[in-house]
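Colleague: Could you take me through the nonpolar packing and the aromatic rings of this model, one part at a time and with the cut-offs stated?

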Amino acid sequence: MIRTVVEKILARASGRSGVTAGDVVEPRVDLAMSHENAALVIHQFSEIYRGTGLDMRVWDPSRITIIFDHRTPAESAKTATNQKKVRAFVGEQRIDKFHDIRGDRGGICHQILPEYGYVRPGQVVVGTDSHTTTHGALGAFAFGIGATEMAAVWALGTALNVEVPGTIKVILRGRFAARVCAKDAILHLIGQISAEGANFRVIEFHGDAVDRMPTSGRLVLCNMAMEAGATSGIVPADEETRRYLREEAGVSDDIECVRPDEDASYERSIEIDVSDLSPQIACPHRVDNVKSVDAVEGVKVDQIVIGSCTNGRLDDLAIAAGILRGRKVAASTRLLVFPASWRVYQAALKEGYLSDLAESGATILNAGCGCCLGVHQGALGDGEVALSTTNRNFQGRMGNPDSEVYLCSPAVAAASAIAGAIADPRKAG
Amino acid sequence: MKLGDDVSTDIIYPGRFMATVLPAETPRHAFADIPQFNSRLLKKEIAPGSVIVAGKNFGCGSSREQAVSALKGHELVVAAKSFARIFLQNAVNLGLKTVACPGIEASEGDEVELTVGQGCPVPNASDSENSRREFSPVRVGGGHVINHSTGGRFDLIPLPRPRQEIMDAGGLIPYARVRLLKRPKII
């Protein structure tokens, strides 16, 4: 039979010879990820066990990973208490893949998982975070679930009643112009197909632009596939996936690449030529309200944010530092930078990117989710406008419903920091 | 109150309240950034059993389950043109009543009647006192919404079978509990 990547992965994980979109399966889970909301998962996990007389044990502690990132260090006593409960549970259940608030192994879950080689091609990965789609960049089927569903995974080791999603094939062709990148391609796609254009579906990424793209860019594509509603984004694993896992994640065991069949059946196919793509901006308050940078050039911004699980990686900081080196952030704006992990932070420190950025006037924050979701640092004032490399611009996202958020690439963010207004990085020199 | 399409979980339950996790505590923050709506919910001016009539892609964004438990705590029903995947799954798992109704049209204050499935509500097949109290299962096996204020009648889309099974069990906790007890014992 002819299969897409997700059909192959789910067939294998559920012990079937083949599945097709619409089938209902119960795949075994290879990796189950949570962050601070593990506090709620623990509560629901104990509810499942209540009255059973069974000893409360997770199905396989080696397949569970918990990473503190959403509010690190804790912004409130309530968060600190939740984190304390999770730490105790991690100890009791002997969960080793735990990333506490530490400068040597902390960071955002969606950076830690690839960085530590926890995700492999062909795996089924679930996470209590919608942007778990990110890990499809390594050829896995990775999707977000709620805390109660995660509690059931912790108890049983399988994802219950999963409907095999249909697949949309997206082909990116051509070469990006200078300072145009994966973020622009995915924003453009979301603008084309809308915020629910891939709801209940997988987006499989193909094309020579994806073949040439480093894993850091593929992570951006799959991260933001969520913003088109996708269950997961998937880049079929290839030589670049192997290179990343071996060289950057330190994986030494065999890596098997699951590829789709040539004539696999796709619900639809979308082709985008990236060679004439301009920098793209998602305008308030919808991620699918996407315009070319020239349509919004000159819009004054009060706060610029570079970071997050979308664009807080070393490549992103290198682009921003390259544009800002020897220049100044406009006095009328403020630039906040938060690397995606402490490993990224340390590498950016060694490369001199952080000092370039700080000398230009940027405020460097600790690695973590930072101001992306408006719970911790970098809140916006009434009527203020932000420009951010994060992934969501919903009303109130950055902590204030009376503010506006525009989304962009790191190059646009850096060029705009100099101008104090939305600017085209191709003109920034 | 008109909220339109793409109502995100940031609007239903703002991120800054995410450290509050328990279903008993989340309802106070429902729609916190729309203070007028939040205060009407807290004062019970919006009666339990009221229907939120929403547009497309309701519950898009974050997977935070608080967005579901907050609405469930106010005993609201959500009838939307369509739902975002994770929100819908969370609603099924926690027993928040949701119906997908692509043609639905209503204005604030309209009287709407929801008829779902045959013989609704179904007897609860779940396994404990606790789950009987927590979940009131509704078989969403098709049906319709009638807007008595406008005379409009709109068909529902039945839940996909996998979600229906969890609804029938009274939510994911009792469903998973039954599965856990059936698990072969390791000797």
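Modeller: Leaving aside neighbours within four places in sequence, Phe87(B) is in contact, meaning heavy atoms within 4.5 Å, with Thr9(B), Ile12(B), Phe58(B), Gly59(B), Ala67(B), Val68(B), Leu71(B), Leu96(B) and Thr98(B). This is a predicted model, in which local features need pLDDT of at least 70 and side-chain atom pairs count only at pLDDT 80 or more, while totals for chains, interfaces and linings use all residues. Residues are numbered from 1 along each chain as its sequence is written, chains are lettered from A and ligands numbered from 1 in the order in which they are written, and side-chain values use heavy atoms, with hydrogens and water left out.

Phe87(B) is also among the residues with the most contacts inside the largest nonpolar core, which has 86 residues; such a core is a set of buried Ala, Val, Leu, Ile, Met, Phe, Trp, Tyr and Cys residues joined through side-chain atoms within 4.5 Å, where buried means under 20% relative accessible area with a 1.4 Å probe, protein chains only. Trp154(A) is another of those residues with the most contacts.

The rings of Phe45(A) and Trp154(A) have centres 5.7 Å apart and planes at 75 degrees, so the pair is edge-to-face (rings of Phe, Tyr and Trp, the last by its six-membered ring, pair with centres within 6.5 Å, and planes over 60 degrees apart count as edge-to-face). Both Phe45(A) and Trp154(A) are buried, and ring pairs link them with Tyr49(A) and Phe89(A) into a cluster.

How values were computed. Buried < 20%, exposed > 50% of the residue type's maximum accessible area, 1.4 Å probe, protein only. Phe/Tyr/Trp six-rings, centres within 6.5 Å; stacked < 30°, edge-to-face > 60°.
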